[in-house]
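Biologist: Got a minute to go through this one with me? Put it up and let's start with the charged contacts.

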Amino acid sequence: MYLHDELKRENGDLRRLLEEEKEEKQKVSAAYEELQRCYMNLKTASAISLNDSDVKDTKLRLSKLVREVDKCIALLNE
């Protein structure tokens, strides 16, 4: 009986640890996504300050942004 109780306690401890790790993973994932958004915004801002050699790249990025906005508008209209 003692071994059974001890294993139940250990199982509970491991479940709590697993939940804590899941929460930590979610926090890290959210921070990563926020950093990705910031990076894309920085890339876009630096691309808009045009150099003659970057015109094509800037047009591609702006086209991508327009497509994303169009997709968002389409989703909102559904």
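Modeller: Sure, ground rule to begin with: a salt bridge here is a side-chain nitrogen of Lys or Arg within 4 Å of a carboxyl oxygen of Asp or Glu. This is a predicted model, where local features need pLDDT of at least 70 and side-chain atom pairs count only at pLDDT 80 or more, while totals for chains, interfaces and linings use all residues. Residues are numbered from 1 along each chain as its sequence is written, and side-chain values use heavy atoms, with hydrogens and water left out.

Biologist: Fine. How many salt bridges does a search of the whole structure find?

Modeller: The search turns up 5 salt bridges.

Biologist: Before we pick through those, how many helices and strands are there?

Modeller: The protein has 2 helices and 0 strands. Both kinds are DSSP runs numbered from the N terminus, helices being H or I with at least four residues and strands being E with at least two.

Biologist: OK, back to the bridges. What does Arg-9 pair with?

Modeller: Arg-9 meets Asp-13 in a salt bridge, at 2.8 Å from N to O. Both sit in helix H1, 4 residues apart, about one turn of the helix.

Biologist: And which residues are linked with those two in a network?

Modeller: Glu-6 and Arg-16 join Arg-9 and Asp-13 in a network of salt bridges.

Biologist: Are Arg-9 and Asp-13 buried or exposed?

Modeller: In between. Arg-9 is at 44% relative accessibility, so it counts as partly exposed, and Asp-13 is partly exposed too, at 32%. The cut-offs are under 20% relative accessible area for buried and over 50% for exposed, with partly exposed in between (1.4 Å probe, protein chains only).

Biologist: Which residue does Glu-34 meet in a salt bridge?

Modeller: Arg-37, at 2.9 Å from N to O. Glu-34 and Arg-37 are 3 residues apart in helix H1, so about one helical turn separates them. Glu-34 comes out partly exposed at 39%, and Arg-37 is partly exposed at 46%.

Biologist: What about Glu-19, who's its partner?

Modeller: Lys-22, with the closest N and O atoms 3.9 Å apart. That pair also lies in helix H1, 3 residues apart, about one turn. Glu-19 counts as partly exposed at 41%, and Lys-22 does as well at 43%.

Biologist: Switching topic: where do Glu-20, Glu-21, Glu-23 and Glu-24 gather?

Modeller: In a patch of negative charge on the surface. Glu-20 is found in helix H1, which covers residues 2-48. For patches, residues need over 30% relative accessible area and no salt bridge; like charges are joined within 9 Å, nonpolar side chains (Val, Leu, Ile, Met, Phe, Trp, Tyr) within 5 Å.

Biologist: And cysteines? How many disulfides does the search find?

Modeller: It finds 0 disulfides, a disulfide being a pair of cysteine sulfur atoms within 2.5 Å. Cys-38 is partly exposed at 40%, and Cys-72 is partly exposed at 46%.

Biologist: Last one: what share of the protein is buried?

Modeller: Buried residues make up 5% of the 78 residues. The accessible surface comes to about 7,400 Å², with 60% of it belonging to carbon and sulfur atoms; those areas come from the Shrake-Rupley method with a 1.4 Å probe.

Conventions:
Lys and Arg count as positive and Asp and Glu as negative; His and the chain ends are not counted. The place of a charge is taken as NZ of Lys, CZ of Arg, CG of Asp or CD of Glu.
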